[in-house]
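Please look first at how the two chains meet, and then at how two helices pack within one of them.

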Amino acid sequence: MIESLLLAGLWDTRLWYAVPLIAVISLVYGATKYEAPARIARSAGETALWILVFMAIVYAVIWVFSWGL
Amino acid sequence: MICILGAWFFGLGISGGHAAYINSNPEDTRWSFVAQLPVGAPAFPALIQALVTRDGKPPLFGGFMAAPRDLDELGEWHLEYDHAIELGIVYTMVAGLLNILAIYDAFAGPAEAGKDEADDEAEPEEDDSPADAESGGDS
């Protein structure tokens with residue numbers, strides 16, 4: 001039951017709106033830090049990973065606090 | 001530029017042009033526009049609409065980026081576009097805030113540009129290090 005709710009949340013179409021936003025933020029942030037395109041791409045990948053991890057942590061915290069509601 | 005404007009127009013597009021506007025109604029103060037304005041010229045239609053509608057005249061461009069007449073119309077927008085209004089506000093705010101970064105980048109250059117060269121130089125050194133160690137051992 002819980003797994004199906006989690007999967008439903010993950011595959012909810014609204015969540016996909018985060019993907020271009022994360023990509024844009026990562027690329028612009030990387031471009032403000034570095035000049036070389038390869039370095040920008042690497043930095044953008046790292047930033048995107050950080051954002052995703054941060055979002056996952058926030059999701060987990062909210063999920064734990066909403067337990068039993 | 002493509003990223004920032006892409007986010008701006010995507011946000012405006014999904015919200016039907018209602019994600020960014022200035023409202024003189026104190027019940028619908030749009031603090032989000034403070035973050036949206038730094039995107040520059042793409043936010044100017046909201047300024048024009050605010051000037052035009054200030055004296056009670058109808059908005060231009062079919063109401064694109066114009067404030068709602070009242071809270072009922074705002075409610076209709078939210079009913080019609082559902083979550084897209086909020087998503088559009090987020091996208092356009094992020095575009096404006098990212099443009100501040102881009103402006104700063106244009107003014108001061110990349111924050112860690114020196115590291116590009118340092119990384120390029122560091123990699124060959126790492127490759128040579130075993131040879132150096134061997135030559136050091138011979139001497």
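A salt bridge is taken here as a side-chain nitrogen of Lys or Arg within 4 Å of a carboxyl oxygen of Asp or Glu, and across the interface of chain A and chain B this rule finds zero salt bridges. This is a predicted model, in which local features need pLDDT of at least 70 and side-chain atom pairs count only at pLDDT 80 or more, while totals for chains, interfaces and linings use all residues. Residues are numbered from 1 along each chain as its sequence is written, chains are lettered from A in the order in which they are written, and side-chain values use heavy atoms, with hydrogens and water left out.

With contact meaning heavy atoms within 4.5 Å, 18 residues of chain A touch 23 residues of chain B. The buried area (accessible area, 1.4 Å probe, that two parts lose on being put together, summed over both) is about 1,700 Å², and carbon and sulfur atoms give 68% of it. On the side of chain A, the residues that lose the most area to chain B are Tyr17(A), Leu21(A) and Thr32(A), which together account for 33% of what that side buries.

Within chain B, helix 4 (residues 71-81) and helix 5 (residues 84-108), both DSSP runs of H or I with at least four residues, numbered from the N terminus, pack at an angle of about 95° with their axes 7 Å apart, the axes being lines fitted to C-alpha atoms over the stretch in contact and angles running from 0 to 180 degrees between N-to-C directions. Helix 4 and helix 5 of chain B are therefore roughly perpendicular to each other, a term that covers angles of 65 to 115 degrees. Trp77(B), His78(B) and Tyr81(B) of helix 4 meet Ala84(B), Ile85(B) and Glu86(B) of helix 5.

Notes: Helix = DSSP H or I, 4+ residues; strand = E, 2+ residues; numbered from the N terminus. Parallel < 35°, antiparallel > 145°, perpendicular 65-115°, else oblique.
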